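This report describes the fold of one protein chain for a reader who is new to structural biology. Please keep the sequence and the model in view while reading.

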Amino acid sequence: MCTVVVRWSEGQPVRVLALRDELTTRPFDDPGRWWPEHPDVVGGRDRIAGGTWCASRVGTGATALVLNRPQKRDADPGASSRGVLPLLGVVHGTGWRAHLELAGMASFLLVLATPGQLLTWDFDGERLSETRHPEGTVMVTSGGPEDRKTERYLPAFAAADGAEGWRRLVQDASPADDPGALVVRHEEDGRVFATVFGELVEAAPGRLRLTHSREPWTGRPWDTLSVG
């Protein structure tokens, strides 16, 4: 995951926009109930590692997302995959830290958005720091030059009305070879790294509406998954 926008107000449904940037050759499944041990959890599934970039828990209205960070790009042999973090976040909430060993993991930013709070945890490969965010609209990225996205786009997301307004902002963005672009496409040595998935999550306890697209910048309709 590389770009996340959250609108949070206590007691209200949470709205999340998630744009996933990844190698176009890395296979993944669209959102569904992919984890039998967590039947209440819905998310897209990475076919290689089996984890996810974004997961929602229907019963609680919680959504958790993970973004790669630049400080420690590669995990040590045997270390946990970052793809387990959204699952731990929605299942265990703020207690997720007790359920894995951070040592050796690649750096990340974990986002947890619930009807009662919005928190992020930033891990640089050695230290973990927690931030509790106030009500409003928050945008986070994978860091470095990608932080220019916040400068460019956060005011527009804060001003936009409803999920449809957020979707239009994405559809108005053409793929660009610029890490500060909302929708990206980079080619190097025959490999393509690009925005491969976009999803809008609207969640409240017992109710989830998730719209998604593998080409979110186009004008084509997004698929819809509703639970509750």
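## Overall architecture

The protein contains 3 helices and 14 strands. Its radius of gyration is 16 Å, close to the 17 Å that the globule rule gives for 228 residues, so the protein is as compact as a globular protein of that length. The model is a predicted one. Taken along the principal axes, the C-alpha atoms fill a box of roughly 45 × 40 × 30 Å.

Of the 228 residues, 51% are buried. Among contacts between residues at least 6 apart in sequence, 53% join residues at least 24 apart.

## Surface and charge

About 10,300 Å² of the protein is exposed, and carbon and sulfur atoms supply 47% of that area. The side chains include 26 positive and 31 negative ones. The centres of these two sets lie 3 Å apart.

## Strand S12 and its partners

Strand S12 covers residues 191-204. Of its 14 residues, 11 are buried, so S12 is largely enclosed by the rest of the structure. Which strands pair with S12, and in what sense? Strand S2 pairs with S12 in the antiparallel sense over 10 bridges. Strand S11, residues 185-188, also runs antiparallel to S12 and is joined to it by 4 bridges. Strand S13 is antiparallel to S12 as well, with 7 bridges between them.

Individual bridges help to locate these pairings in the model. Asp 21 has Thr 195 in S12 as its bridge partner. Arg 185 stands opposite Ala 194 in S12. Leu 200 has Thr 211 in S13 as its bridge partner. As a general point on strands, the side chains of a regular strand alternate between the two faces of the sheet.

## Two hairpins

S11 and S12 form a hairpin with 2 residues between the strands. Asp 189 lies in the loop of this hairpin, between S11 and S12. Although Asp 189 is not a glycine, it has a positive phi of about 55 degrees. Is Asp 189 buried or exposed? Asp 189 has a relative accessible area of 74%, over the 50% above which a residue counts as exposed.

S12 and S13 form a hairpin that also has 2 residues between the strands. In this hairpin, Gly 206 takes a positive phi near 85 degrees.

## Arg 185 and Thr 25

Arg 185 lies in strand S11. Its relative accessible area is 40%, and Arg 185 is partly exposed. Not counting residues up to four places away in sequence, Arg 185 touches Pro 175, Ala 176, Asp 177, Val 192, Phe 193 and Ala 194. Arg 185 and Asp 161 are 24 residues apart in sequence, and their C-alpha atoms are 28 Å apart in space.

Thr 25 is found in the loop between S2 and strand S3, which covers residues 28-32. With a relative accessible area of 68%, Thr 25 is exposed. How far apart in space are Thr 25 and Val 192? Their C-alpha atoms are 7.9 Å apart, although the two residues are 167 residues apart in sequence.

## Helices H1 and H3

Helix H1, residues 85-92, is mostly covered, with 6 of its 8 residues buried. The buried residues in H1 are Leu 85, Pro 86, Leu 87, Leu 88, Gly 89 and Val 90. Their cover includes strand S4 (41-46), strand S5 (54-57), strand S6 (62-68) and strand S7 (108-114). Just after H1, Gly 93 takes a positive phi of about 60 degrees.

Helix H3 covers residues 162-171, and its buried residues are Ala 163, Gly 165, Trp 166, Arg 167 and Val 170. An α-helix has 3.6 residues a turn, so residues three or four places apart point the same way. What do the buried residues of H3 pack against? They pack against helix H2 (148-159) and against strands S1 (3-8), S2 (14-23), S10 (136-141), S12 (191-204) and S13 (207-213). Strand S12 therefore appears both among the elements packed against H3 and as the largely enclosed strand described above.

Terms used. Residues numbered from 1 in each chain as written. Predicted model: local features only at pLDDT ≥ 70, side-chain atom pairs only at ≥ 80, totals over all residues. Heavy atoms only, no water. Rg over C-alpha atoms; globule rule 2.2 N^0.38 Å. Buried < 20%, exposed > 50% of the residue type's maximum accessible area, 1.4 Å probe, protein only. Contact = heavy atoms within 4.5 Å. Areas by Shrake-Rupley, 256 points an atom, 1.4 Å probe, with all protein chains shown as cover. Lys, Arg positive; Asp, Glu negative; His and termini not counted. Charge placed at Lys NZ, Arg CZ, Asp CG, Glu CD. Pairing = 2+ DSSP bridges.
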